[in-house]
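Colleague: Could you please take a close look at the open sheet in this model? I should like to know how its strands are arranged and what packs against it.

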Amino acid sequence: MTDPLQPVQGLPTTRTTLFDPPDDLRALQRRAPLVPMSYPDGHVGWLVTGHAAVRAVLSDARFSSRRELQHFPIVHPMMQGRPGPAEPGAFPEMDAPGHTRYRRLLTSEFTARRMAQLTPAVERIVEEYLDALEKKGPGADLAAEFTTPVTSMVICELLGVPYADREQFQSRSATLIDLEASPEDAGAAYGGLSEFVAKLVAEKLALPTDDLLGRLAATGELDEGELTTIGLLLLFAGHGLTGSMLALGTFALLEHPDQLALLRADPSRAASATEELLRYLSVVQLGPTRTALEDVEVAGELVTAGQTVTVSLPAANRDPEQYEDPDTFDITRTNARSHVSLGHGMHQCLGQELARIQMRIAYPALLARFPSLRLAVPAEEVRMRHMMAFYGVHRLPVTWDVP
């Protein structure tokens, strides 16, 4: 490791085990909850790994989300040089009052009542894909044939997106979160998705429909560009994060047969299993990032105005100061929901309950349908998505016995 007085050179991303954060990240956490870090553009800011410190940063309005103020811990193919201000509608990269305005318009679409209304559709979609797997017979890539299409179908149903273009949409989304994609490929993927959503928005503005984008269009408070950006953000996030969690979570359960047996024996544990999987796996591995608007003390360190901080959600969710035996996967853990996998504070994930509903429904349904579900290859042969914004698997080959 580096000398304590020297900044760590960039965000550690190399993992030596399937489900644990990078070893170097954990070593930095043992050093201190906040350590200096050099960013790829030469900026010296901070890496935050402690659970309490991460929550403090994410809930403090003195740390800005404005994109043009930030430096980034990883060179992304879409980021050539210092980015400009966020596009209208890109509320996660804004502060108040812009963020507040967009968040207010969207919050009503993600209430408990709205999510309860969507639950039967999620159950139907999950059952349809399980039926298809069962009809096809043993042997499948669970990521391609179940977890990815289920989450894509759900987010498309929420937004009012025709599902006929799903394969093209999934391919472009995968390119966008691949940190090793070329700038040309990433730009083409973004452009294609933007055109797809812009066409959909134009149709909703002409004839509003009873879905999220249709209802937003009917308010008259958002123009076509804002609606397109919001639709693109929700489509991408809803597909990427939840799809990664469903596939990686299934892999983790299969590799922890004692926990799998607990969930299979008692499906009512699905809620607690979901929270523990979110904590244990922490698929968002590249941030979020914030920039101090003024001098702020965090965990005994002074973050000066203009410095960027990157918070590590995987490290925070394994902080021994917060969790007893944090590296153990335990679906009976009582404080798992204190995890920060879905963010914290004013920018906490807007669709967090939708993600939870999909996981609570899909895991027990999958295990009940295929009691003998198991990996079709040795675990070490499952190729992991190390260099992608959402950690997970590229493919998850599984099989099962026919009764």
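Modeller: Two strands are said to pair if DSSP finds at least two bridges between them. In this predicted model, strand 6 and strand 9 satisfy that criterion with three bridges, and their pairing is antiparallel. Within this pair, Arg290 lies opposite Val309 of strand 9.

The sheet to which these strands belong is open and is formed by six strands in the order 1-2-3-9-6-4, with mixed pairing. Its edges are strand 1 (8-9) and strand 4 (63-64); each has a single partner strand, so one side of each is left without a neighbour in the sheet.

The partner of strand 4 can be described further. Strand 4 pairs with strand 6 in the antiparallel sense over two bridges, and Ser64 stands opposite Thr291 in strand 6. Strand 6 is covered on both faces: Thr289 and Thr291 are buried on one side, and Arg290 and Ala292 are buried on the other.

Elsewhere in the sheet, strand 2 (residues 34-38) and strand 3 (residues 44-48) are joined by five bridges in an antiparallel pairing. Here Val35 faces Leu47 across the pair, Leu47 being in strand 3. Helix 2 (residues 51-58) packs on the sheet, where it touches strand 3, strand 4, strand 6 (289-292) and strand 9 (308-311). The direction of helix 2 makes about 125° with that of strand 9.

For the surrounding helices, two crossings that involve helix 9 may be added. The axes of helix 3 (residues 98-107) and helix 9 (residues 224-254) come within 13 Å and cross at roughly 65°. The two helices are therefore roughly perpendicular to each other, and helix 3 passes helix 9 in a right-handed crossing. Arg101, Tyr102 and Leu106 of helix 3 make this contact with Glu226, Ile230 and Leu234 of helix 9. By class, the contact of helix 3 with helix 9 comprises four nonpolar, no polar and two charged residues.

Helix 7 (residues 183-206) also crosses helix 9, with axes that come within 9 Å and an angle of roughly 120°. That angle makes helix 7 oblique to helix 9, and the crossing is right-handed. Residues of helix 7 in this contact include Tyr190, Leu193, Phe196 and Val201, while those of helix 9 include Glu224, Leu227, Thr228 and Leu235. By class, the contact of helix 7 with helix 9 has eleven nonpolar, three polar and one charged residues.

Methods
Residues numbered from 1 in each chain as written. Predicted model: local features only at pLDDT ≥ 70, side-chain atom pairs only at ≥ 80, totals over all residues. Heavy atoms only, no water. Axes fitted to C-alpha atoms, helices over the stretch in contact; angles between N-to-C directions. Helix = DSSP H or I, 4+ residues; strand = E, 2+ residues; numbered from the N terminus. Parallel < 35°, antiparallel > 145°, perpendicular 65-115°, else oblique. Left-handed = near helix turned anticlockwise from the far one by under 90°. Contact = heavy atoms within 4.5 Å. Nonpolar A, V, L, I, M, F, W, Y, C, P; charged D, E, K, R; others polar. Buried < 20%, exposed > 50% of the residue type's maximum accessible area, 1.4 Å probe, protein only.
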